[in-house]
Amino acid sequence: LFPYTTLFRSFERAMGEAFAAVGARSVICADWRQANILRPDVAERLIALLQRGNPCVERSAILLAREHATFNLQVERLVREAKNPARRSFREAPPLVEFLGETLTPAEKARAAAFLA
C-alpha cells in the first residue's frame, strides 16, 4: 500500500510541475497499456488531478490495452469526469496520433508516433 501511495504522490508532483512549466499549451500523450486496476481512492485523486490540469490542456490522449477491459472502463470514467472534451482515450495508436496531430507540428506528431511504437 505505501509504495503505491508514494508513487502516486510523485506522479501528482511531476504533473503539477509539468503544467506549471508549459502553461496553457499542454499536449499529453500517455501510454497506459501496462497499467491495471486503480484503487478507488487513487481513481478519485486522479480525477481531481485531471480537473486541476484542465486549464493547461490543449489535448490529452491515453493509449489503453484492449485486454484490460475493467481498467479501460475506469479510465473512461476518469476522462469523462475530468470534464474536458480535449481529453480522450484510445485502444490503438494511429487514431490517437491523429487526434493529437491536429495540434502538433509534424516533428511533434512523429515523436508521439515513435513514443507509442
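In which helix is the place of G53? In this predicted model, G53 belongs to helix α2, which covers residues 40–53. The relative accessible area of G53 is 0%, and the residue is therefore classed as buried. Beyond the neighbours within four places in sequence, G53 makes contact with F19 and R87. G53 also lies 7.7 Å from G16, C-alpha to C-alpha, although 37 residues separate the two in sequence.

The overall fold was examined next. The secondary structure of the protein consists of five helices and three strands, arranged along the sequence in the pattern α-β-α-β-α-β-α-α. The radius of gyration is 14 Å, close to the 13 Å given by the globule rule for 117 residues, so the protein is as compact as a globular protein of that length. The C-alpha trace extends over about 40 × 35 × 25 Å along its principal axes. Of the 117 residues, 39% are buried. The accessible surface amounts to about 6900 Å², and carbon and sulfur atoms account for 61% of that surface. When contacts between residues at least 6 apart in sequence are considered, 81% of them join residues at least 24 apart.

The interior was then described in terms of nonpolar cores. In soluble globular proteins, nonpolar side chains tend to be buried together. The largest nonpolar core contains 21 residues, and those with the most contacts inside it are F19, L38, L46, I62, V75 and L78. Two or more residues are given to this core by each of α1 (2–22), β1 (26–31), α2, β2 (57–63) and α3 (69–82). Helix α2 supplies the largest share, with six residues. A second core, separate from this one, has 10 residues, including A61, L100, L104 and L116.

F19, listed among the residues with the most contacts inside the largest core, has several partners from elsewhere in the sequence. Apart from neighbours within four places, F19 is in contact with S26, I28, G53, C56 and V57. The contact between F19 and G53 thus appears in the lists of both residues.

The cysteines were checked for disulfides, and the count came to zero. For C29, the closest cysteine sulfur is that of C56, and the distance of 18 Å is too far for a bond. A disulfide would require the two sulfur atoms to be within 2.5 Å. C56 is likewise in no disulfide, with the sulfur of C29 as its nearest cysteine sulfur at 18 Å. The two cysteines fall on either side of the 20% limit for burial: C29, at 22% relative accessibility, counts as partly exposed, whereas C56 has a relative accessible area of 17% and is buried. C56 is also one of the contacts of F19.

Which aromatic rings pair with one another? The count comes to three aromatic pairs, among them F8 with F11 and W32 with F71. The ring centres of F8 and F11 are 6.0 Å apart and their planes stand at 40°, so this pair is tilted. Both residues lie in helix α1, three residues apart, or about one turn of the helix. F8 is buried at 9% relative accessibility, while F11, at 31%, is partly exposed. The rings of W32 and F71 have centres 6.3 Å apart and planes at 45°, so this pair is also tilted. The pairing of W32 and F71 links distant parts of the chain, with W32 in the loop between β1 and α2 and F71 in helix α3, 39 residues apart. F71 has a relative accessible area of 2% and is buried.

A final position of interest lies towards the end of the sequence. T103 occurs in the loop between α4 (93–101) and α5 (106–116). Is T103 buried or exposed? With a relative accessible area of 14%, T103 is below the 20% limit and is therefore buried. Once neighbours within four places in sequence are set aside, the contacts of T103 are R25, V27, E58 and R59.

How values were computed. Residues numbered from 1 in each chain as written. Predicted model: local features only at pLDDT ≥ 70, side-chain atom pairs only at ≥ 80, totals over all residues. Heavy atoms only, no water. Helix = DSSP H or I, 4+ residues; strand = E, 2+ residues; numbered from the N terminus. Buried < 20%, exposed > 50% of the residue type's maximum accessible area, 1.4 Å probe, protein only. Contact = heavy atoms within 4.5 Å. Core = buried A, V, L, I, M, F, W, Y, C linked by side-chain atoms within 4.5 Å. Rg over C-alpha atoms; globule rule 2.2 N^0.38 Å. Areas by Shrake-Rupley, 256 points an atom, 1.4 Å probe, with all protein chains shown as cover. Phe/Tyr/Trp six-rings, centres within 6.5 Å; stacked < 30°, edge-to-face > 60°.
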